[in-house]
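Q: Hi, I'm new to this one. Can you put it up and walk me through it?

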Amino acid sequence: MLAYAIRRLGLSVLILIVVMTAMYGMVFLVPGDPASLALGPRATPELKEALRERMGLDQPILTQILYFFGNVLQGDLGVDVWSRRPVLDQILEVFPNTLILGIVALGWALIMGVLLGCAAVVWRDSWADRLLGVLSVSMISVPSFVVALYALIVFAVWLNWLPAIGAGEKGDIGSQIRALILPAFAVGIGWVGYLARLIRASLLEVMEAPHIRTARAFGMTERDIIFGHALRVAIVPTISVLAIGFGSILSSAVFVESVFSRPGIGTLITGAVEKRNYPVVMGCVLFMTAFYLFIVTAADLLIARLDPRVRDVLRG
Amino acid sequence: MTAIISVENLSISYRVPGGNLRALRDVSLSVARGEVLGIMGESGCGKSTLAAAMINLLPTGARISAGAVRLAGTDMLRLSPEDQRRLRGRSVAMVFQDPMTAFNPVLTIGRQLADFAGAHDPARAAPAALAAMLGRVGIPDPQRCLDRYPHELSGGMRQRVAIAAALLMQPDVLIADEPTTALDVTMEAQIIHLLRDLRSSFDGAIVIVTHHLGVIAELCDRVAVMYAGQVVEEGPVDSLFHDPRHPYTRALLACDPAVVDPASGRLPAIGGRIPDLTALPEGCAFAPRCGMAQPACASPVPRHHPGPGRSVLCHGAGP
């Protein structure tokens, strides 16, 4: 297990290096010079040259990349071109908002998805199953920012039940929770449908397994069989999908955070892209990549915990 | 002797592309308390369908067109699903063919046994009771076995666990569907040995489905030979093995590797194949493969009773 964790960690570091290099290359290729952007349209060529030199932009690209790597290793993601604040500080300031949004969105999506998936299996091939199928596909098909817009209009503007923008007052848990409801709903709803379909398919496959026949032959109730025996097997393949889902939830958070003007890594990144604030863009992407890799690795380790067969293969 | 479980005129078919596959035709059997019935025949003759029907856990697509499965008098097939569930595991228990896939891979043995017993009587789901039963079927260190996962046990051990599970509720009827087929020869011998030991302490009826003649000879009191969904011959093991009346039974017995002269260097086989179960003839289904077939074999076959407890379905077996 330990050897496996170390191997996974090594792989993650390798992926990070590739991502960093690719990102640096792409930023290098994008037209627009950070120095002239930073100094504005009235800067003289001498001033620009001086800034370029100070930013290290006159160095060969390889030196720049190595320099960048060195800084990242020391936990330095660079400074904001405009505010001169360290990028890492900015990210850490807003990231909890995005993280909570992601966890709550995926959390309710998982609970609802599992319940609806199980319900579809309990009532398989009935009208309820078909209705759930149509509902799930509709939930998957509507993009999260569209749901966000309509949820905003209905619940915040018309009904005025929930706040339309922001992440709530600092220190006021109640207002933070209220501000979280609509974005989490918008981000999670597509996943409710997706997980419901996934759990249904996975469960139906497991329900055909010989060990389910054994459980039936011993007189277990259908409910105990589904929730006690079949779901435990069916949930394992869902976990890796959930991990990937967490990554895509973070990216759909970019849209939803914009719609709700909610501070988070999504708003940080869109703002930085608009202002050609490259260190912030790069810092955010790098941070998200690292976080995503962490989630995927954690999911694999969780699968190993839940499936004793996988656990033993890793141990052996 | 009164029957504890009896199958009466049971006919079952499967819907398949191109018609109805008639898996069982007018099958009648009964087993009394303390008796062991063996059901034998080649693959595809309806043995496993019959075993599944005795607990009414037929695969989807199966249709019961006629007949009854009576458990102490009540027809199990007519009971509500909930009443059937209450009987399964408690009155009729089953041991499945493949111990590799019969258990849930992500739950411990102890958890599964506890769930099986707990479905009827929580008191029997106590770890001490489970461990005691595992000890009875010859599992060393039963306490530790409870914490193990199925894949950590060998095939033979798993089949022992399956037998222990079936005995947990002290059922009236134990059905074993090819309990030794998936095991290697050493394991098979051990499981046969275990079943023979359990016979003496088990007061219910046992039904063993197998194509292994040795299992029948070792364990059973009576044997029913199946062919193309029918019981073609039935009787006490000794009498039937010494004096088989149906040509199919004779052919089966001649094919047993245990009775073949090794010096001959040849293993006999029954020529031909089992008939298409979607288009069965009106007469004897074995006639196309039978060396003694006569023109009369094309007409419906009568059942003869050549001796005490014996019955045979063949034109040629008449007086």
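A: Sure. First a term: helices (H or I, at least four residues) and strands (E, at least two) are DSSP runs, numbered from the N terminus. With that, chain A reads α-α-α-α-α-α-α-α-α-α-α-α-α from its N terminus on.

Q: And what should I know about the model and its labels?
A: This is a predicted model, where local features need pLDDT of at least 70 and side-chain atom pairs count only at pLDDT 80 or more, while totals for chains, interfaces and linings use all residues. Residues are numbered from 1 along each chain as its sequence is written, and chains are lettered from A and ligands numbered from 1 in the order in which they are written.

Q: Back to chain A: how many helices and strands are there?
A: Chain A has 13 helices and 0 strands. Its C-alpha atoms fill a box of roughly 85 × 60 × 35 Å, taken along the principal axes.

Q: What share of chain A counts as buried?
A: 33% of its 316 residues. Buried here is when 20 or more other C-beta atoms lie within 10 Å of a residue's own; exposed is 12 or fewer, and partly exposed is in between, with C-beta atoms placed from the backbone.

Q: Which parts does UniProt list as "transmembrane region"?
A: In chain A, the unreviewed entry lists residues 9-30, 99-122, 134-159, 179-199, 233-260 and 280-303. UniProt positions are given in the numbering used here, feature names are shortened, and annotations may be inferred rather than shown by experiment.

Q: What does the model do over residues 134-159 and 233-260?
A: Over residues 134-159 of chain A the model is 88% helix and 0% strand, with the end C-alpha atoms 28 Å apart. Over residues 233-260 of chain A it is 96% helix and 0% strand, and there the end C-alpha atoms are 38 Å apart.

Q: How is chain A divided into domains?
A: Into domain 1 (2-73) and domain 2 (87-308); the bounds come from an automatic or database domain assignment. The centres of the two domains of chain A, taken over C-alpha atoms, are 33 Å apart.

Q: How many residues are in contact between them?
A: 13 residues of domain 1 of chain A are in contact with 11 residues of domain 2 of chain A. Contact means that the C-beta atoms of two residues, placed from the backbone, lie within 7 Å. On the domain 1 side, helix 1 (2-29) and helix 2 (34-39) of chain A each give two or more residues, and helix 1 of chain A has the largest share with 9 residues.

Q: What about helix 4 of chain A, is it buried or in the open?
A: Only 1 of the 13 residues of helix 4 of chain A is buried, so the helix lies largely in the open. Helix 4 (residues 61-73) of chain A reaches 18 Å from its first C-alpha to its last, close to the 18 Å expected at 1.5 Å a residue; the expected span is 1.5 Å times one less than the number of residues. Just after helix 4 of chain A, Gly75(A) takes a positive phi of about 80°.

Q: Which residue other than glycine has a positive phi in chain A?
A: Asp125(A) is one of them, with phi near 65°. Asp125(A) is in the loop between helix 5 (87-122) and helix 6 (127-141) of chain A, and counts as exposed with 8 C-beta neighbours inside 10 Å.

Q: Now chain B. How does chain A touch it?
A: 19 residues of chain A are in contact with 24 residues of chain B. Helix 9 (210-217), helix 10 (222-259) and helix 13 (308-315) of chain A each give two or more residues to the chain A side. Helix 9 of chain A gives the most, with 6 residues.

Q: What's the order of the 4 strands in the open sheet of chain B?
A: 2-1-4-5, with antiparallel pairing. Two strands pair if DSSP finds at least two bridges between them. Strand 2 (19-32) and strand 5 (74-75) of chain B stand at the edges with a single partner strand each, so one side of each is left without a neighbour in the sheet. Strand 1 (residues 3-16) of chain B is joined to strand 2 of chain B by 10 bridges, and Leu10(B) has Val27(B) as its bridge partner.

Q: And the open sheet of 8 strands? What's its order?
A: 6-7-8-3-9-10-12-11 in chain B, with mixed pairing. Its edge strands are strand 6 (92-95) and strand 11 (303-304) of chain B.
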